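Reader: Could you take me through one part of this model up close? I'd like the helix packing first, and then whatever backbone oddities and sheet details you can add.

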Amino acid sequence: MSNAGAKMSIEEKKNRLAMDRRTLLRAGAAAALAAPIGAFGAQAFSARGAIPAIDFSEFPICKTASDAPPLTGAPRKLKLSWNAGAVCLAPLPVAIDYGFFQKQNLDIELVNYSGSTDQLLEAIATGKSDAGLGMALRWLKPLEQGFDVKIAAGTHGGCMRVLTRAGSGVDKLADLKGKIVAVGDLAGPDKNFFSIQLAKQGIDPNKDVDWRAYPGNLLNVAVEKGEVQAFLASDPLAYLWLKDSQYKEVASNLDGEYRDRTCCIVGLRGSLVRNEPHVARAITQALLDAAMFTSQNPDKAAKSFQPYAPKAASLADLEAMARYHTHHHHPVGEVLKRELKGYADDLKTVSVFKQSTDTAKFAERIYVDVFSV
């Protein structure tokens, strides 16, 4: 992959402030999105000047952690893996644009990783990447296999939806019983999540629903052709499809008790946590600060993410999605451990986890409280 120019560090780019940052960002995004599966696409950019203030009045614990002194010495170089097309990860370009990584004395190389979850977790565990962000309901089963990756924080909730055509007769989740439902991935987090919700309503998701796999960008075509009666999708595509009045939302992962539960998590290289705990804390704090800033400034977050978004998504669309996703909810410590255990318990109900799995021990093994160092 030819993107050596994109690998220039933040420190090196201080000498090139005359160059237009937005041009560089678009170039980095294009290079990353064009990369083959599993390829690393580096993007490191200068911040927009002074680091903005964040209102921590509702979250005094976060302020205490954020005020911890930054790392000393030369900026610590780290690789952070993400899915550049996931609008719910808008805090990452925000962290670069507004200096939250720099505040912690970190020099971050963003890695656009499009391989399988197992490959991503292996990359983190073996040091090809130092950290990554992903969805809990996609990561937990692979983590059961013993990857040396520790979960340090949740980053937000909301981004998965059940959609159908208006007038389909599917008005609530229970209406999926006996229906054919299109999914982008039969082992995906959205299928896992809504399978759990069906099971809680007494519907066997493995027997009472016919799940069919389709390419993610063609899910709506399946329902338009009448091949399925509903489909699962994530933002930004789900949000954009809902702008068309022929579609409606049946359910989302912000319904009921899950409104206050994280769906995306931060995973750190196990050896980083053990050998450089203050670095592990620094990168986690930078991400949480950026998430809080996104929650309080969705308009600015939308502008930061725009180079990565589908062309059909306007700034107003991206801002609406940033407001919809619960970027103010990012659990750590015991709260995070309880949420991880809860998801593991849920996965047992749909036979993704073995019934013999001790979910309390599992959650204890995979989580880490980086703010206790």
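Author: Here's a walk through a helix pair, then some unusual backbone spots, then a sheet.

Keep in mind that this is a predicted model. The pair to look at is helix H8 (residues 189-200) and helix H15 (residues 333-349), whose axes come within 9 Å and cross at roughly 70 degrees. Angles from 65 to 115 degrees count as roughly perpendicular, so that's the label H8 gets relative to H15. As for handedness, H8 and H15 make a left-handed crossing.

Who does the touching? On the H8 side you'll find Asn192, Ile196, Ala199 and Lys200, and they meet Asp346, Leu347 and Thr349 of H15. By character, the residues of this H8 and H15 contact split into three nonpolar, two polar and two charged.

If you follow the chain on from H15, you get to the loop between H15 and helix H16 (359-366), and that's where serine 351 sits. Its backbone is worth a click: phi of serine 351 is near 65 degrees, so a positive value in a residue that isn't glycine. Serine 351 counts as exposed because its relative accessibility is 59%, and the cut-off for exposed is over 50%.

Asparagine 105 is another one to check, again not a glycine and again with a positive phi, about 65 degrees here. You'll find asparagine 105 in the loop between helix H5 (100-103) and strand E2. With 14% relative accessibility, asparagine 105 counts as buried, since buried means under 20%.

There's also a cis peptide bond to put on your list: it runs from aspartate 235 to proline 236, with omega near 10 degrees. Proline 236 belongs to the loop between strand E8 (230-234) and helix H10 (237-242).

Back to E2, the strand on the far side of asparagine 105's loop. E2 is part of an open sheet of five strands with mixed pairing, in the order E2-E1-E3-E10-E4. Strand E2 (106-112) and strand E4 (149-156) are the edges, each pairing on one side only. From one strand to the next, the twist averages 25 degrees.

Inside that sheet, try zooming in on strand E1 (residues 76-82) and strand E3 (residues 131-135): they run parallel and are joined by two bridges. For a concrete pair to select, take leucine 80, whose bridge partner in E3 is alanine 131.

Technical notes. Residues are numbered from 1 along each chain as its sequence is written. This is a predicted model: local features need pLDDT of at least 70, side-chain atom pairs count only at pLDDT 80 or more; totals for chains, interfaces and linings use all residues. Side-chain values use heavy atoms; hydrogens and water are left out. Two strands pair if DSSP finds at least two bridges between them. Helices (H or I, at least four residues) and strands (E, at least two) are DSSP runs, numbered from the N terminus. Axes are lines fitted to C-alpha atoms, for helices over the stretch in contact, and angles run from 0 to 180 degrees between N-to-C directions. Angles under 35 degrees count as roughly parallel, over 145 as roughly antiparallel, 65 to 115 as roughly perpendicular and the rest as oblique. A crossing is left-handed if the near helix is turned anticlockwise from the far one by less than a right angle, and right-handed if clockwise. Contact means heavy atoms within 4.5 Å. Ala, Val, Leu, Ile, Met, Phe, Trp, Tyr, Cys and Pro count as nonpolar, Asp, Glu, Lys and Arg as charged, and the others, Gly among them, as polar. Buried means under 20% relative accessible area, exposed over 50%, partly exposed in between (1.4 Å probe, protein chains only).
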